[in-house]
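Visitor: I would like to learn about charged pairs. Please show me the model and walk me through them.

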Amino acid sequence: PAPAPEPVSDVKTIDSPMVGTVYLAPEPGAGDFVNVGDEIKEGDTLMIIEAMKVMNHLPSPASGIVRRVLVSDGQPVEFGQPLIELA
């Protein structure tokens, strides 16, 4: 018999476009850019990735609801590493 097809998932991940350090808030003590359950629109800032002393704002490539934030503040990330799940 043919193998069963993979289930289709409506979860999208937003991956890191660069190697660097993630900051979830605009400055220490401030609230995070996004939280689980937030509805975001394409272009909204999700976090900052510091690379080579440059603070790069990461815009959302898609709209959706934040299902999970997969990184923590101050965490180093690699290119292509999943950062956020959108539903």
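Guide: Start with a definition: buried means under 20% relative accessible area, exposed means over 50%, and partly exposed lies in between. Keep in mind that this is a predicted model.

Visitor: How many salt bridges does a search of the whole structure find?
Guide: Side chains of opposite charge can pair when their charged atoms come close. A salt bridge needs a side-chain nitrogen of Lys or Arg within 4 Å of a carboxyl oxygen of Asp or Glu. The search of the whole structure gives a count of 2.

Visitor: Which residue forms a salt bridge with Glu85 at 3.2 Å?
Guide: Glu85 lies in strand β8, residues 82-86. Its partner lies in strand β6, residues 64-69, so the pair ties together parts that are 18 residues apart in sequence. With the closest N and O atoms 3.2 Å apart, the partner is Arg67.

Visitor: Is Arg67 buried, partly exposed or exposed?
Guide: Its relative accessible area is 43%. Partly exposed lies between 20% and 50%. Arg67 is therefore partly exposed.

Visitor: And is Glu85 buried or exposed?
Guide: Glu85 has 10% relative accessibility. The cut-off for buried is under 20%. So Glu85 counts as buried.

Visitor: Which residues are joined into one network by salt bridges that share partners?
Guide: Arg68 also forms a salt bridge with Glu85, with the closest N and O atoms 3.0 Å apart. Arg68 lies in strand β6 and Glu85 in strand β8, so this pair links parts 17 residues apart in sequence. The shared partners join Arg67, Arg68 and Glu85.

Key
Residues are numbered from 1 along each chain as its sequence is written. This is a predicted model: local features need pLDDT of at least 70, side-chain atom pairs count only at pLDDT 80 or more; totals for chains, interfaces and linings use all residues. Side-chain values use heavy atoms; hydrogens and water are left out. Helices (H or I, at least four residues) and strands (E, at least two) are DSSP runs, numbered from the N terminus. Buried means under 20% relative accessible area, exposed over 50%, partly exposed in between (1.4 Å probe, protein chains only).
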